[in-house]
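Biologist: Got a minute to walk me through this fold? I'm new to reading structures.
Modeller: Sure. Let's put it on screen.

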Amino acid sequence: MGRIKPHVLLQQSKRKKGPSRISATTIIVCTSIIVMLMYFLFYRHWFNRTRLQPENYISVSEDENTLVESKKSDLPGYAVVITSKGSIIVELYKESAPEVVDEFIDLCQKGHFKGMLFHQVIKHYVIQAGHNKGPGATEDWNLLGKKYASMRHEAFMLGTSKGNYFNKGFDLFITTAPIPDLSEKLIVFGRVIKGEDIVQEIEEVDTDEHYQPKISIGILDVALKEMV
């Protein structure tokens, strides 16, 4: 084979194609596409997040309401008042007097009613238990507060004096006859469903001129129950 002359090699090298350059226009177009794509993805994420926030808030509120209702339904619905004469079972009005029922349950759990005496017994009217042995049902009921709806006080209704309740006290009254005139003086938060005979037995004890029993009759304890 003959040798290839230098000037021929030079011509052949000139004919070979070198790497093509990317134009400035192509770079700008590609960069614009990438920027637009990133903007679209960010906007879509932000829009979805903003739209879902109210739904999440509503969901949380519904969960909180459900929790409140669940706690409310978990509260004991009945109380067994164990007296020295026998037991009195009371249904608690959780719906119509929730705040008073809550207070009553809290006091029961703290043993507030243990040893409480029935210190006022008025035939065909009420029996009253409390730690305060001062003037009672006929002498010192204060007409405080209109917060709780008035209702007719039938026989065997459980209530507490508004005067004492709004002054951080809590006594117990059980009516022994229908007494409409007590509507503004008592907060009714339950009714006797069993043990009416025990109420009547307490009502029949001998009392002095101040309606105080001549023998001690007291509450030994109060047991709370969800159902009876």
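Biologist: Let me pick one residue to start. Is His-119 buried or exposed?
Modeller: His-119 is buried, with a relative accessible area of 5%. Keep in mind that this is a predicted model.

Biologist: What's the cut-off for that?
Modeller: Buried means under 20% relative accessible area, so a value of 5% falls in that class.

Biologist: Which element holds His-119?
Modeller: Strand β3. That strand covers residues 117-122, and 5 of its 6 residues are buried, so β3 is largely enclosed by the rest of the structure.

Biologist: How far apart are the C-alpha atoms of His-119 and Gln-212?
Modeller: They are separated by 5.3 Å. Along the chain, the two residues are 93 residues apart.

Biologist: Back to β3. Which strand is joined to it by 5 bridges?
Modeller: Strand β4, residues 126-130. The two run antiparallel. As one example of the pairing, Gln-120 has Gln-128 in β4 as its bridge partner.

Biologist: And what links the two strands?
Modeller: β3 and β4 form a hairpin, with 3 residues between them. His-124 sits in the turn and has a positive phi of about 60°.

Biologist: Zoom out. How many strands are in the open sheet?
Modeller: It has 8 strands, with antiparallel pairing. The order is β3-β4-β6-β5-β7-β2-β1-β8.

Biologist: Which strands stand at the edges?
Modeller: β3 and β8, the latter being residues 219-225. Each has a single partner strand, so one side of each is left without a neighbour in the sheet.

Biologist: By how much are neighbouring strands turned against each other?
Modeller: By 30° on average, with direction ignored.

Biologist: Give me some of the pairings in the sheet.
Modeller: Take β1, residues 78-83. It pairs with β2 in the antiparallel sense over 6 bridges. Tyr-78 stands opposite Glu-91 in β2. On to β2, residues 86-92: 4 bridges join it to β7, again antiparallel. There, Glu-91 stands opposite Arg-191 in β7.

Biologist: So Glu-91 turns up in both. And β5?
Modeller: β5 and β7 pair in the antiparallel sense over 5 bridges. Ser-161 has Leu-186 as its bridge partner in β7.

Biologist: Which strands of the sheet does α3 touch?
Modeller: Helix α3 packs on the sheet and touches β1, β2, β5, β6, β7 and β8. Its direction makes about 120° with that of β8.

Biologist: Now the inside. How many residues are in the largest nonpolar core?
Modeller: It has 33 residues. Those with the most contacts inside it are Phe-104, Phe-113, Leu-172, Phe-189 and Ile-219. The largest share, 6 residues, comes from helix α3, residues 98-109.

Biologist: What does Leu-172 contact, leaving aside neighbours within four places in sequence?
Modeller: Its contacts include Phe-104, Phe-113, Phe-189 and Ile-219. Also among them are Ile-127, Ala-129 and Leu-158.

Biologist: What about other cores?
Modeller: Another core, of 6 residues, lies apart from the largest one. Ile-122, Tyr-125, Phe-173 and Ile-179 are among its residues.

Biologist: I keep hearing Phe. How many aromatic pairs does the structure hold?
Modeller: It holds 5. In one of them, the rings of Phe-104 and Phe-170 have their centres 6.2 Å apart. Their planes are at 35°, so the pair is tilted.

Biologist: Where do Phe-104 and Phe-170 lie?
Modeller: Phe-104 lies in helix α3, and Phe-170 in the loop between α4 and β6. The pair therefore ties together parts that are 66 residues apart in sequence. Phe-104 counts as buried, at 1% relative accessibility. Phe-170 is buried too, with a relative accessible area of 7%.

Biologist: What kind of pair do Phe-170 and Phe-189 make?
Modeller: Their ring planes are at 75°, so this pair is edge-to-face. The centres are 5.7 Å apart. Phe-189 is in strand β7, 19 residues from Phe-170. At 0% relative accessibility, Phe-189 counts as buried.

Biologist: Which residues form the aromatic cluster?
Modeller: Phe-104, Phe-113, Phe-170 and Phe-189 form one cluster.

Biologist: Last one. What does the side chain of Thr-160 reach?
Modeller: The backbone oxygen of Asp-171, at 2.7 Å. Thr-160 is found in strand β5 and is buried, with a relative accessible area of 0%.

Terms used
Residues numbered from 1 in each chain as written. Predicted model: local features only at pLDDT ≥ 70, side-chain atom pairs only at ≥ 80, totals over all residues. Heavy atoms only, no water. Core = buried A, V, L, I, M, F, W, Y, C linked by side-chain atoms within 4.5 Å. Buried < 20%, exposed > 50% of the residue type's maximum accessible area, 1.4 Å probe, protein only. Contact = heavy atoms within 4.5 Å. Phe/Tyr/Trp six-rings, centres within 6.5 Å; stacked < 30°, edge-to-face > 60°. Pairing = 2+ DSSP bridges. Polar contact = N/O pair within 3.5 Å; in protein donor to acceptor, adjacent residues only side chain to side chain. Axes fitted to C-alpha atoms, helices over the stretch in contact; angles between N-to-C directions.
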